[in-house]
Amino acid sequence: MDMEIESLLRPPESHMPPYPAKVITVATGKKMVVRQVDRKAVPTLLKAVLPTLQIPRDYYDIVGVRLYAELLGWYRYRVRDHYCLIGQVDGYLMGIVNGRMYTPEVGMSYHTLAIERGLTVGVHLFAAKMEHHLEFLDQNEVWITAESPIGFRRWMIEYGLVPKTDAQHELGGASFYVLTKELWKANKARLCVGDRPCPEDLLAAAEAEIKLPSEEEVREKILGAKRRQAK
Amino acid sequence: MRKVAILGVGMIPFGRRDDDNLMDLLSAASLKALDDAGFNDRPLDALYVGNMAAGILNHQSSVASALADSLNLLPAAADSVENGPASGGSALKNGILAVASGYYDWVLVVGGEKMTGVIGPKATDTVATMTHPQAEYIYGATLPSLAGMFARLYMKKYGITPRHLAKVAIKNHRNGLLNPYAHIHTKITLEGILTSPQAVVNNPIVSDPLRLYDCCPVSDGAAAVLLCPADKVKEFKKPEVLVAGFGQATDTQTLAERDDPTDLKAVSIAAQKAFQMAKLTPKDIHVAELHDAFTILEIAESEHAGFFKKGEGAKALDAGVTEIGGGLPINPSGGLKARGHPLGATGVAQVVELVWQLREEAGERQVKGAERGFSLNFGGFGNNVVAFVLRREA
């Protein structure tokens, strides 16, 4: 690799305070560890995202392919000030969220991908992402867009986000919205939960290995009943 | 009247079935019922189709006519039956009457609904069209809101707690895990949906005091049964399951007009009629499928149908009586709560489950020794209720 050119291609990196891990009891009663991962986790995460590229249902293919590109871009030093949070139950990957610091004051929310469905994993992880931007990165606002009706309902409607028309979200030309600190404070109690510190044993187990369901299991989790066999 | 038997049953897995239209759902369930009976190419006399909302949700009417043609059942008589969420029960009742009268011998009853092609609020609004247009709907009444108000009154009157409601959901989700036809295959726990601080997000309020897991999902699905005179069952190699009794009753359209909004009179009357016709009592029943569109309804219906005294349904739940393996298993299929509630399909699906139970074909969720079953299909908010008692002949 020509490091002289490579150094020009790589974006500079800003200091980003870490996201402290937390634990959430999900509807099954299981404990989901929500934690930040670094670049080393990306090859593993990409394996989990890959099957979603073939799933049009609920725009998983669009979210998946863009998330794949973002994670790969981050891994190969092409995305500036990017972070990634994941949720794990018993080590198994439940979902992924990512975003980046657009400026020190403005957060750019990228994607939310729930692999396990029906347990509000996406809701928990999206809330964790907002918490990271507004509390740990201490930004003033987060810019958010949605690619699926589910996302629109979960973020724009449930958070009561404010439309923004005088700028452009990095994910394209769709309408986008802003979560301000004031809105966050008003909604946090009913949308963002979790206990800190995350028990050491749970965190250690989660960090030891990101377990992945098989590609077939990922499709089953996302597609649900249709793929089940009945007599 | 002739005795009526259920010769064949069929059902497709409930859930979100993006690739199937309404006719696909109804056809698949119908063919399964005909195959189950070993009916082969015999001509059918009549077809009754329970469906509530194809006109709104699927922009399709005359569903029974379309299905008769789709299945090549021509020139069988075909009627669509619309009675809100009790459409399936009403279609079945009409099919039973047609056979009992002696006019028809071979009658196929199908219930089905394709709901997930619209967004959730549209589905909720469609269901709300069954409320009173001037007295309820224009004020924003939906079925979850009516159920919320009913639950609040019922809980206060009979000491029912959110924990009881959660226990109904947990039980029915557990049963649903054993049912390959169920929409929801998720185990839930009291900690996860009620007692942990995280439950506020896992299980948010939908219509106070009802939370997400107190409400049935919006589902696609269909179920079918083939009816015939009891004396013709022996032509087929199937266990003889009889429709021992049925009952139907109505109540005021609006909840507010009832003397006591917590009294589900139509449930009581429909159940009494079914038991009277069957010459049985609630004590004779081994398994029941109740209309738990909301968890509170399983408790209230179990009392109004006569299985428990008023105020005792929650105690029976606490004691495990309503579990598979308990004294009166309720909703071993997972109920509407976990199997799902494709409106027009539900009343038929309940009876399909009972037939499987009475034939001992229910797999892991089999209620041991079940010979007599009861189902209750609840239309409107209790303003049109259809009940059935089934009995397996020795």
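# Notebook: a predicted two-chain model

I started with strand β4 of chain A, residues 92-101, and found it mostly covered, with nine of its ten residues buried. I note here that the model is predicted.

**Entry 1. Around β4 of chain A**

I looked up the partners of this strand. Strand β3 of chain A, residues 82-89, runs antiparallel to β4(A), and eight bridges join the two. I picked out one bridge: A:V89 has A:Y92 as its partner in β4(A). Then I checked the turn. β3(A) and β4(A) form a hairpin with two residues between them. In that turn, A:D90 has a positive phi of about 55 degrees.

I turned to strand β5 of chain A, residues 106-114. It is antiparallel to β4(A) as well, joined by six bridges. One pair I wrote down is A:G95 with A:A114, the latter in β5(A). This connection is also a hairpin, and four residues link β4(A) to β5(A).

**Entry 2. The sheet of chain A**

In what order do the strands of the open sheet in chain A lie? I read β1-β2-β3-β4-β5-β6-β8-β7, eight strands with mixed pairing. The edges are β1 (22-25) and β7 (162-164) of chain A, and each of them pairs on one side only. From one strand to the next, the twist averages 30 degrees.

I followed one more pairing in this sheet. Strand β6 of chain A, residues 141-144, and strand β8 of chain A, residues 176-180, are antiparallel and share four bridges. A:E141 has its bridge partner at A:T180 in β8(A). A general reminder for myself: strands of a sheet pair through backbone hydrogen bonds, either parallel or antiparallel.

**Entry 3. Chain A as a whole**

I counted elements next. Chain A holds eight helices and eight strands. Its C-alpha atoms fill a box of roughly 55 × 50 × 40 Å along the principal axes. I compared its radius of gyration with that of a compact globule. For 231 residues the globule value would be near 17 Å, and chain A has 17 Å, so the two agree. Of the 231 residues in chain A, 42% are buried. I also looked at contacts in chain A with a separation of 6 or more: residues 24 or more positions apart account for 65% of them.

**Entry 4. Chain B as a whole**

I ran through the corresponding items for chain B. Its secondary structure comes to 14 helices and eleven strands. The box for its C-alpha atoms is roughly 60 × 45 × 40 Å, again taken along the principal axes. A compact globule of 394 residues would have a radius of gyration near 21 Å; chain B has 19 Å, which agrees. Buried residues make up 60% of the 394 residues in chain B. Among contacts in chain B with a separation of 6 or more, 77% join residues 24 or more positions apart. I checked confidence too. Chain B averages a pLDDT of 97, and 100% of the residues score at least 70.

**Entry 5. Around β7 of chain B**

I picked a covered strand here as well. In β7 of chain B, residues 221-229, eight of the nine residues are buried. Strand β1 of chain B, residues 4-11, runs antiparallel to β7(B), with seven bridges between them. Strand β4 of chain B, residues 107-113, also pairs with β7(B) in the antiparallel sense, over seven bridges.

Which residue of β7(B) is the bridge partner of B:M11? I found B:A223. B:G111 stands opposite B:A223 too.

**Entry 6. A loop residue in chain B**

I looked up B:N72. Its place is in the loop between α3 (63-70) and β3 (77-81) of chain B. Is B:N72 buried or exposed? It counts as exposed, because it has 8 C-beta neighbours inside 10 Å, and 12 or fewer is the cut-off for that label. I then took a distance to B:P43. The two residues are 29 apart along the chain, and their C-alpha atoms are separated by 9.7 Å.

**Entry 7. Where the chains meet**

Last, I looked at the contact between the chains. It takes 24 residues from chain B and 22 residues from chain A. On the side of chain B that touches chain A, α8 (190-195) and α9 (199-202) of chain B each supply at least two residues. By kind, the residues of that side of chain B divide into ten nonpolar, nine polar and five charged. I closed the page with the scores of the model: ipTM 0.90 and pTM 0.94.

Conventions:
Residues numbered from 1 in each chain as written. Chains lettered and ligands numbered in written order. Predicted model: local features only at pLDDT ≥ 70, side-chain atom pairs only at ≥ 80, totals over all residues. Buried ≥ 20, exposed ≤ 12 C-beta atoms within 10 Å, placed from the backbone. Pairing = 2+ DSSP bridges. Axes fitted to C-alpha atoms, helices over the stretch in contact; angles between N-to-C directions. Contact = placed C-beta atoms within 7 Å. Nonpolar A, V, L, I, M, F, W, Y, C, P; charged D, E, K, R; others polar. pLDDT = per-residue confidence, 0-100. Rg over C-alpha atoms; globule rule 2.2 N^0.38 Å.
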